[in-house]
Amino acid sequence: MNEINITYDELSLPKLYEKFSSDVFKYSFSILKHYEEAQDAVQEVFVKYAESEHSFKKECSSKTWLLIIARSYCYNKIKSKNFNNERIDDSFVQGYTIDFETKMDIKDALLQLSEEHNELIHLKEYSGYSYKEISEITKLSVENVKIKLFRARQQLKKYLKDE
Amino acid sequence: MKHYEFEISQFLDNELPADEQKKLFMHLSKCSECAEVLSDFMKMKKDVKSVYNDMNVELKDSSALMNLLEPPTKKRNSYKTMFYFTAVASLMLGFFLILLEGNQSSLKNQYLQLQKESLKLQNEYAVVLNEKRQLTEVNKTYFDKMNLLKTTSYRLPTTHFPKTSVINGSYKAITSINKKRIPSGGMPVAFAKITKEDFLIPQIIGN
């Protein structure tokens with residue numbers, strides 16, 4: 001397992017929620033691409049965090065642990081039959097309140113990316129995690145993260161060019 | 001000509017080693033395509049961050065989560081406190097009762113032991129009392145006998161007891177008589193047998 005230079009921040013659950021709920025939502029949204037599903041994900045993630053707090057070995061930060069739970073939840077959700085793919089486009093506008101003139105393309109392009117590529121782009125560009133930290137969250141090797149992130153960027157660039 | 005798109009991606013993530021960065025810069029100065037890729041990737045990076053930063057986040061308040069996040073109410077706290085207080089009080093009471101019972105049983109044991117010892121002593125006292133009674137009786141008999149002896153026995157008057165000079169005189173007189181009676185060459189037998197008691201006994205009997 002790769003070593004991560006993150007110190008465990010011991011915060012109470014309400015403080016963690018206040019601090020990281022937004023990040024958990026955005027990360028969940030990057031995978032699920034569905035606003036309401038991402039909202040549900042936040043609830044589930046924090047409940048699961050509270051339930052699994054005793055098994056949390058404190059080898060990573062609370063935020064990383066929350067994102068690991070979120071990732072597991074989101075991919076399980078996508079695999080489940082209950083997940084409604086048709087609602088993705090409907091809820092998209094609700095998710096992104098952006099300058100339509102300049103940013104509409106990027107949100108469309110992001111939605112076209114695969115869950116994994118979108119997730120990697122989110123973890124790198126928005127959360128600013130290092131390759132090692134992304135590797136810890138996604139359970140991919142650092143080399144794999146490096147390559148997949150490059151491909152995600154190429155893909156995003158391609159979608160942007162097409163539009 | 002080799003392009004450096006992969007290295008550009010790493011460079012933007014601050015993960016490209018210093019020696020490779022030099023190579024990249026050298027290449028970028030010559031390759032316009034890679035310079036454009038760098039520009040595109042940089043813009044994408046900025047736009048993606050902006051998109052996520054500007055995202056409107058509205059979170060749901062599920063009851064399950066709220067139960068976890070809300071601090072416990074005072075009412076619940078007081079119930080909890082009361083419960084713990086009662087539990088602790090019950091435990092303490094139980095402990096004291098057990099302790100008291102233990103003390104009582106030990107005291108009871110001590111009392112029984114003392115009672116046994118008391119009975120033993122009472123028996124011993126009875127035996128001693130019996131012995132004393134017997135001794136008293138013996139003593140009484142003895143004293144009775146003594147009294148009887150006192151009343152019946154002869155009290156030797158000091159005036160009747162012969163004086164030493166008289167005894168000595170008698171003695172001399174007897175010895176002189178005996179000497180006369182002793183045959184020549186033989187020992188005076190009477191001389192050897194005569195003691196003071198020989199003088200006393202006839203007088204007591206006589207009285």
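This is a short talk on how two chains, A and B, are built and where they meet.

Hi everyone. Before anything else, please keep in mind that what we have on screen is a predicted model.

Let's start with chain B. What pattern does chain B follow along its sequence? Reading along, you get α-α-α-α-α-α-α-α, and the count is 8 helices and 0 strands. Of the 207 residues in chain B, buried ones make up 8%. If we take the contacts in chain B with a separation of 6 or more, 53% of them join residues 24 or more positions apart.

Now find helix H3 of chain B, residues 32-53. We can do a small check on this helix together. With 22 residues at 1.5 Å a residue, H3 of chain B should span 32 Å, and because its end C-alpha atoms are 31 Å apart, the model agrees with that expectation.

Which residues of H3(B) are buried? They are Cys34(B), Val37(B), Leu38(B), Phe41(B), Met44(B), Asp47(B), Val48(B), Val51(B) and Tyr52(B). As you look at that list, here is a handy rule: an α-helix has 3.6 residues a turn, so residues three or four places apart point the same way.

Next, the place where the chains meet. Here 26 residues of chain B are in contact with 33 residues of chain A. On the chain B side, the elements giving two or more residues are helix H1 (5-12), H3 and helix H4 (63-69). H3(B) gives the most, with 10 residues. Sorted by class, this side of chain B has 13 nonpolar, 5 polar and 8 charged residues.

Let's move on to the largest nonpolar core, which has 52 residues. The members touching the most other members are Val24(A), Ala41(A), Val45(A), Leu66(A) and Ala70(A). Several helices supply at least two residues each, among them H1 (13-32) and H2 (35-51) of chain A, together with H3 of chain B. So which helix gives the most to this core? That is H1(A), with 9 residues.

Zoom in on Leu66(A) for a moment. Leaving out residues up to four places away in sequence, Leu66(A) touches Phe20(A), Val24(A), Val45(A) and Tyr49(A).

One last residue: Ser72(A), in helix H3 of chain A. Ser72(A) counts as partly exposed because 13 other C-beta atoms lie within 10 Å, whereas a buried residue needs 20 or more. Ser72(A) and Val45(A) are 27 residues apart in sequence, and their C-alpha atoms are 9.3 Å apart in space.

Thanks for listening!

Technical notes
Residues are numbered from 1 along each chain as its sequence is written. Chains are lettered from A and ligands numbered from 1 in the order in which they are written. This is a predicted model: local features need pLDDT of at least 70, side-chain atom pairs count only at pLDDT 80 or more; totals for chains, interfaces and linings use all residues. Helices (H or I, at least four residues) and strands (E, at least two) are DSSP runs, numbered from the N terminus. The expected span of a helix is 1.5 Å times one less than its number of residues. A residue is buried if 20 or more other C-beta atoms lie within 10 Å of its own, exposed if 12 or fewer, and partly exposed in between; C-beta atoms are placed from the backbone. Two residues are in contact if their C-beta atoms, placed from the backbone, lie within 7 Å. Ala, Val, Leu, Ile, Met, Phe, Trp, Tyr, Cys and Pro count as nonpolar, Asp, Glu, Lys and Arg as charged, and the others, Gly among them, as polar. A nonpolar core is a set of buried Ala, Val, Leu, Ile, Met, Phe, Trp, Tyr and Cys residues joined through C-beta atoms within 7 Å.
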